[in-house]
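I opened this notebook to keep track of what I look up. The entries follow the order of my looking.

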Amino acid sequence: MQEITSKIQPYDAHTDTASVFTLWQSTVGQVWPLAFERFQQILSAPHAGHFVARENGEIIGFVGTSQSQARDQPTGHLLALLVAPSWQRRGLGSALYDVALQHLREAGVHLLQLGGLVPRFWCGVPGNLEPAQDFFKARGWDLSQTVYDLMQDLSQYATPPAIYRRMAEQQITLEPAREEDMAEVLAFETREFPNWSMHYARAARLGDYQDVLVAREQGGQVVGTLITYTAHSHPTRTDVIWQQLLGDDAGALGAVGVAASEQGRGIGIALVARASDLLKERGVGTCCIDWVELTDFYAKLGYAKWRSYHTCWREI
């Protein structure tokens, strides 16, 4: 193992990115094809700490990590672990995994997620990468929790009229945000959905106000929000990175939230419906909703399971 560990070095973004991308293509690229520009964006995650393994100057392994303040504590994220086919089952994956965990521990991290937040490749261990599942199960990870990415072709999408009728009867409006709305939107997120605040704050910081959909009751109070994404959103956003699978006109919606005091009025499904209509108007072909547990909710509007992930967190 010492001989294998000696092959591992810190990743250098200036010299290693193209070679690591080639490694991606030879390992998971067939089922997860990715544009090089998107690959670079993910590797530039906040507080990134990546490592590569070399043999005779060639990169034969890679592990990527990032850090965040998730769940109110310093959290590490294992973004990806790749081993060249000829080096698999020889201990290199284990060595890269151990180096990544040691790096995160030394950074003061005690909670680790398999997968990432923003930006990320995946939110957990992909359901279509069985060797990866076996690898992490062998190291004690519980892969019993499953979430999904959903998708729908919007070309034939139409909102059931009853949804908008119900909002009209309750005098609830559903409109894209303006710049002057964002302070109120951010206050709403901080109060109702603090884990999503960073997504709305980023949209505001990048000027993507039109991508935030706001539900207001008759008095003007914000009662629900949602974020959308299209090919016209700010280029640094990574809401959708799988354009090679979903198409260049792929879009997304997510972070759907309704105030606790207003739930049960149909506002959530109306937000999703209005967002779907807006995305269709803006030229989106395929719409993706990622990291979903409540699949039946979105199925009411035709969103179907696309790919699955096993989400995992644990102390390290």
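**Entry 1: a pair across two strands.** Which residue in β10 does valine 212 stand opposite? I noted first that the model is a predicted one. I then looked up the partner and found isoleucine 227.

I followed the two strands further. β9 covers residues 212–216, and β10 covers residues 222–229. They run antiparallel, and 5 bridges join them. I looked at the link as well: β9 and β10 form a hairpin, with 5 residues between them. Glycine 220 sits in that turn, and its phi is positive, about 95 degrees.

**Entry 2: the other neighbour of β9.** I checked what else pairs with β9 and found strand β8, residues 173–176. This pairing is antiparallel too, with 4 bridges between β8 and β9. I picked out one of the contacts by name: alanine 215 in β9 is the bridge partner of leucine 174.

**Entry 3: cover on β9.** Is β9 mostly covered or mostly open? I found it mostly covered, with 5 of its 5 residues buried. I sorted the side chains by direction. Val212, Val214 and Arg216 point one way from the strand, while Leu213 and Ala215 point the other way. I recall that side chains in a regular strand alternate between the two faces of the sheet. In β9, the residues pointing either way are buried, Arg216 included.

**Entry 4: helix α5.** I moved to α5, residues 130–137, and asked which of its residues are buried. They are Gln133, Phe135 and Phe136. These three lie on the same side of α5, because they cover an arc of only 160 degrees around the axis. On the face turned away from that buried side I found the exposed residues Glu130 and Pro131.

I then looked up what the buried residues of α5 pack against. The list holds one helix, α4 (92–106), and the strands β4 (75–83), β5 (111–114), β6 (125–126) and β13 (304–310).

**Entry 5: the whole chain.** I stepped back and noted 11 helices and 14 strands. The C-alpha atoms fill a box of roughly 70 × 40 × 35 Å along the principal axes. The radius of gyration is 21 Å, which agrees with a compact globule, because one with 316 residues would have a value near 20 Å.

Of the 316 residues, 52% count as buried. The chain exposes about 14,700 Å², and carbon and sulfur atoms supply 49% of that area. Among contacts with a separation of 6 or more, 74% come from residues 24 or more positions apart.

Methods
Residues are numbered from 1 along each chain as its sequence is written. This is a predicted model: local features need pLDDT of at least 70, side-chain atom pairs count only at pLDDT 80 or more; totals for chains, interfaces and linings use all residues. Side-chain values use heavy atoms; hydrogens and water are left out. Buried means under 20% relative accessible area, exposed over 50%, partly exposed in between (1.4 Å probe, protein chains only). Two strands pair if DSSP finds at least two bridges between them. The arc is that of the directions from the helix axis to the C-beta atoms. Contact means heavy atoms within 4.5 Å. The radius of gyration is taken over C-alpha atoms; the globule rule is 2.2 Å times the number of residues to the power 0.38. Accessible areas come from the Shrake-Rupley method with a 1.4 Å probe; for residues, only the protein chains shown count as cover.
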